[in-house]
Amino acid sequence: MSEPFVAPPESFVETTIVDKVGIITLKNPAKRNALSEGLLDGITDALHAFAAEGARVVVLRADAGTRVWSAGHDISELPRGGVDPLRYADPLERTLREIRSFPMPVIAMVHGSVWGGAFDLVLSCDMIVADSTATFAITPVNLGLPYNTTGLLHFLGRLPLNLIKEMFFTASPIKADVAMQWGVVNHLVPEDQLETFTLDIAHHMATKAPLAVAVIKEQLRVLTDFQPIAAQVFERIQDMRRTVYESADYQEGISAFEEKRKPVFRGH
Ligand code: LCV
Ligand code: LCV
């Protein structure tokens, strides 16, 4: 086992590579691994380093025993004042695109709770292995935030419409057994087997022909991520989303989180 390379503290991730399997560990427990620009850049930098070091598969995980896998988008970094909070250039959106187009399998290994944009992050990985402590919640309606069209497409590529609507409209965490039943996760394993099970699949995949794996992954991406949409429809949706992120409710959602109180949404 090579010594884990601990990236500079500001990157909030730890990386290690063993027999062509690169492992990225989210490491910002004080902020519940909130997806800040620093942490997200740490993931992207690790992916590029693994590619240079000849890795064949990547595992994305949180520290063993962490109760919260990731608290989702760093709310303190969400733009206000009429700027699209999930715009194309947003650090989270950049990292999701990086993972989805990365030329090798990225496996999300989940112990603990996954919130908001972190749910989009694990769904953007190629598969999810979870243990019984895993929960998944998508939470824009807790903030009054208009989720983005690309993000909704990520969900549509994985789940039936009725389940997507229940998760978005309730923002309630779904438990591991429901996530397995709904097909959110590939495998649900006992806590003490999560790491072994995940690494076994990763090391097995790492023995397969990397060029074939890469071209099949990229074909599946372009076949699922690109849905034609009429310009007028797109502009109407963007207008609707702007109304939402310019609303008092969006400000209320963020203020309520910062003031550690429940939001009161008034519909404007
Ligand atoms: C910044 C945080 C966060 C955080 N950002 O610990 O899906 S969308 O569209 O909504 C998308 C935009 C998105 O992903 O939005 C974020 C969605 N995430 C959430 O709604 C989860 C927010 N966090 C929580 O509900 C709790 O923190 C959980 C349940 C994750 C953990 O609760 P716990 O009691 O263990 P605290 O809440 O005390 O959080 C510990 C520290 O981490 C900060 C939080 O502000 C606190 O900081 P201070 O110690 O400085 O007070 N923190 C947690 N989540 N997403 N900062
Ligand atoms: C020619 C064969 C074959 C065979 N071709 O019996 O999915 S893609 O993209 O890969 C696509 C391009 C594709 O379909 O590729 C082929 C994928 N198929 C496989 O990988 C399976 C290869 N075959 C095997 O793994 C074993 O043959 C199985 C497990 C199917 C059966 O094993 P078993 O021990 O019962 P043998 O391997 O001894 O095979 C008996 C004879 O059939 C030939 C094999 O070469 C052997 O011929 P000889 O007796 O002349 O040595 N054979 C088996 N599969 N796909 N020939």
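This report describes the surroundings of ligand 1 and one sheet in a predicted model.

**The ligand**

Ligand 1 sits in the second largest pocket. There are 21 residues around ligand 1, and those that come nearest are Arg67, Ala71, His73, Ile75 and Gly117. By type, the shell around ligand 1 consists of 11 nonpolar, 5 polar and 5 charged residues.

Three polar contacts of ligand 1 are set out below. A pair of N or O atoms within 3.5 Å counts as such a contact.

| Residue | Part of the residue | Atom of ligand 1 | Distance |
|---|---|---|---|
| Arg67 | side chain, N or O atom | oxygen | 2.8 Å |
| Ile75 | backbone, polar atom | nitrogen | 2.9 Å |
| Pro140 | backbone, N or O atom | oxygen | 3.3 Å |

Taken alone, ligand 1 exposes 990 Å², of which the protein buries 73%. Arg67 and Ile75 thus appear twice in this account: both are among the residues that come nearest to ligand 1, Arg67 has a side-chain atom 2.8 Å from an oxygen atom of the ligand, and Ile75 has a polar backbone atom 2.9 Å from a nitrogen atom of the ligand.

**The sheet**

An open sheet is built from 4 strands in the order E5-E7-E9-E10, and its pairing is mixed. Strand E5 (68-70) and strand E10 (174-175) stand at the edges; each has a single partner strand, so one side of each has no neighbour in the sheet.

Strands E7 and E9 follow one another in the order of the sheet. Strand E7 covers residues 113-115 and strand E9 covers residues 135-137, and the two pair in the parallel sense over 3 bridges. In one of these bridges, Ser113 has Thr135 in E9 as its partner.

Definitions and conventions:
Residues numbered from 1 in each chain as written. Chains lettered and ligands numbered in written order. Predicted model: local features only at pLDDT ≥ 70, side-chain atom pairs only at ≥ 80, totals over all residues. Heavy atoms only, no water. Near = heavy atom within 4 Å. Polar contact = N/O pair within 3.5 Å; in protein donor to acceptor, adjacent residues only side chain to side chain. Areas by Shrake-Rupley, 256 points an atom, 1.4 Å probe, with all protein chains shown as cover. 1 Å grid on protein atoms, 1.4 Å probe; cavity = no way out; pocket = protein on both sides within 12 Å on 5 of 7 lines; lining within 4 Å. Sits in = over half its atoms within 2 Å of the grid points. Nonpolar A, V, L, I, M, F, W, Y, C, P; charged D, E, K, R; others polar. Pairing = 2+ DSSP bridges.
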